[in-house]
Amino acid sequence: MRKIFIIVLSAFTVLIAKADGLKCAKWMYAEPGKEYMHKLVAEEGATVEGVDFGGVASLTLKDDRMVVGHRYKYVHGTAPQSEGEYTYTVKVRMADGMLAEDTVKLTVSNSLQSPTPMMGWLTWNWFAREISHDKIYGITEGLVNKGLVDAGYNTVVLDDAWATNQCQKENLTYDSRKFPRGISGFVEALHGLDSRIRVGIYSDAGVMTCENYQPGSYGFEREHIALFDSWGIDMLKYDFCNSETTAFESYKPMGEAVAELNAQRKKDGRRPFVLNICEWGSNEPWTWAADAGGSSWRSTSDARECWLGSKGLPGVLAGADCNRDLWMWAGVNRYNDLDMMVIGLHGLGGPSNYTEGHYSNGGVIEGLTHQQAQSQMSLWCMMGSPLSLTCDLRSVPRGEANKNTGVMPVQLVTDNDIAILTNPRIIAIDQDALGQQAEYMEMLSTSGERFAESGIDVYVKDLTGGRKAVSVTNRGDVAVYGPVFNLSDLYLSPKKKYMCTEVWNGKKTTIKKELKVQHLVPFETKVFLIE
Ligand code: GLA
């Protein structure tokens with residue numbers, strides 16, 4: 001009888017331990033002693049009952065969001081002061097009344113891959129295959145001279161087609177016509193321009209990369225990572241074409257190779273190597289890509305140079321729409337990646353202009369208007385996306401990838417583009433150390449469905465020190481008078497006075513009880529920093 005009881009009890013325990021009541025990140029990261037936030041979202045019909053913090057005494061469970069907004073509890077406090085692996089256990093009352101337990105892993109480290117979202121420049125949407133040492137050197141000069149490196153855009157990434165189409169996985173090498181000094185010579189040249197520059201490279205978790213031009217790295221992860229490391233590379237964008245197995249199995253070995261390299265780099269006092277997973281959101285990478293070793297992952301298809309677009313060809317709005325309900329999967333060192341921003345392409349880019357009816361545009365697509373460009377920067381920063389540029393920053397831009405190969409207008413990337421991309425207030429929202437993704441406030445928005453052509457979208461982002469950023473986007477082409485929000489609906493106190501800064505024009509006002517948005521011109525996003 002006693003034996004039967006023990007068997008029944010242990011079967012019951014296993015059932016509890018396995019129950020998966022949380023639908024949010026379960027592997028979290030923090031830097032020692034930093035402010036920490038983890039939003040605990042339980043599955044439909046379930047509620048978070050409590051958290052057993054074990055040895056992590058500096059964290060507490062908060063429930064002040066149970067009456068407004070998305071109604072969830074969250075963990076808040078200060079991360080442990082010492083590096084190490086910690087856990088806490090979340091108790092979830094499931095819809096059927098059973099109690100489930102979920103263990104959250106918390107890695108506290110001074111050498112996280114990407115404590116804040118990566119900022120940089122990628123070759124793909126301007127050059128496609130047509131890359132070379134000289135061209136990307138010219139781009140990097142532009143990054144330095146236009147103040148973009150000062151603003152934080154420090155990672156220059158060689159996307160697809162840097163290798164020859166003749167090599168195999170076992171003898172992967174660069175195309176010496178494009179890179180006559182090799183990749184290490186290229187890296188050295190870029191470091192010579194500015195010691196803050198880091199260089200990233202591209203490969204694929206399958207047989208061949210997406211251009212079907214050069215081999216992927218699946219099965220040769222350690223060899224390829226060692227090769228990239230020997231060239232002085234610090235980051236890998238890892239794509240998902242021509243894969244041979246499931247997404248997780250395809251990515252995991254590269255994550256392990258990067259983790260091994262990073263253990264060695266830490267011993268040697270070198271900065272960590274960064275792994276960006278480019279799986280386009282098809283297999284919900286936000287649920288597994290951290291376990292596969294990445295610190296950011298694409299959550300959408302390839303971004304297009306248009307305002308709305310669709311799920312498969314996402315413009316500014318459709319990209320944000322695809323990403324908007326994924327906020328509970330983001331955090332420090334785990335970011336949903338909205339893909340390259342198309343600001344500065346002005347309708348003359350390469351692959352990002354392959355939209356229906358415009359395979360290669362030759363200038364047919366006009367590109368984003370000023371308001372649309374500002375909205376893209378606003379939404380990418382609210383969502384804590386990596387910020388990757390792809391516009392031609394050379395002193396004499398050319399249009400190699402879009403068949404319109406003549407010399408471009410010298411002012412292709414305008415002073416206005418640079419002002420948008422370097423606005424320190426909006427960048428600070430992207431780079432906020434709390435690492436949160438803004439919540440889409442469905443209840444305060446009027447756009448209704450995803451991919452709508454009109455309406456207002458409202459996002460609220462938690463920042464360090466209890467500060468908030470609030471963005472309001474006018475999706476449509478007609479000016480609208482923006483709403484007045486009760487501060488309590490924005491997770492703020494209705495009783496306190498706050499300083500409110502309009503991020504795009506720097507205007508400061510004191511607000512109490514409510515936030516008045518006032519008029520929004522077509523496609524405009526206003527962003528408010530409330531502290
Ligand atoms: C995929 C990726 C793009 C780019 C290309 C290169 O489409 O999503 O960002 O890297 O491959 O072939």
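## The ligand and its neighbours

Let's start with Lys237: one of its polar side-chain atoms lies 2.7 Å from an oxygen atom of the ligand. Keep in mind as you read that this is a predicted model. Asp160 also places a polar side-chain atom 2.7 Å from an oxygen atom of the ligand, and for Asp302 the corresponding distance is 2.6 Å. On its own, the ligand has 310 Å² of accessible area, and the protein covers 92% of that.

How many residues surround the ligand? There are 13, and the closest are Asp159, Asp160, Lys237, Asp239 and Asp302. Sorted by class, this shell holds 7 charged residues and 6 nonpolar ones, with no polar residues.

## The protein as a whole

Now step back and look at the entire protein. You can count 11 helices and 25 strands in it. Its radius of gyration is 24 Å, close to the 24 Å that the globule rule gives for 531 residues, so the protein is as compact as a globular protein of that length. Measured out along its principal axes, the C-alpha trace spans about 80 × 60 × 40 Å.

## A parallel sheet

Try to find the open sheet built from 8 strands, which follow the order 14-13-12-11-10-9-8-15. Is the pairing here parallel or antiparallel? It is parallel. At the edges sit strand 14 (335-337) and strand 15 (387-389), each of which pairs on one side only. On average, neighbouring strands of this sheet are turned by 25° against each other, direction ignored.

For a closer look, go to the edge strand 14. Its pairing with strand 13 (residues 296-298) is in the parallel sense and runs over 3 bridges. One residue pair to look for is Ser296 and its bridge partner in strand 14, Tyr335.

## An antiparallel sheet

The next sheet to find is also open, and 6 strands form it in the order 16-17-18-25-21-22. Here the pairing is antiparallel. Which strands are at the edges? They are strand 16 (439-440) and strand 22 (508-512), and each pairs on one side only.

Within this sheet, strand 17 (residues 456-462) and strand 18 (residues 468-474) pair in the antiparallel sense over 7 bridges. If you would like a residue to follow by eye, pick Val458, which stands opposite Val472 in strand 18.

Technical notes:
Residues are numbered from 1 along each chain as its sequence is written. This is a predicted model: local features need pLDDT of at least 70, side-chain atom pairs count only at pLDDT 80 or more; totals for chains, interfaces and linings use all residues. Side-chain values use heavy atoms; hydrogens and water are left out. Two strands pair if DSSP finds at least two bridges between them. Helices (H or I, at least four residues) and strands (E, at least two) are DSSP runs, numbered from the N terminus. Axes are lines fitted to C-alpha atoms, for helices over the stretch in contact, and angles run from 0 to 180 degrees between N-to-C directions. A residue is near a molecule or strand if one of its heavy atoms lies within 4 Å of it. A polar contact is a pair of N or O atoms within 3.5 Å; within protein, one must be able to donate a hydrogen and the other to accept it, and residues adjacent in sequence count only if both atoms are side-chain atoms. Accessible areas come from the Shrake-Rupley method with a 1.4 Å probe; for residues, only the protein chains shown count as cover. Ala, Val, Leu, Ile, Met, Phe, Trp, Tyr, Cys and Pro count as nonpolar, Asp, Glu, Lys and Arg as charged, and the others, Gly among them, as polar. The radius of gyration is taken over C-alpha atoms; the globule rule is 2.2 Å times the number of residues to the power 0.38.
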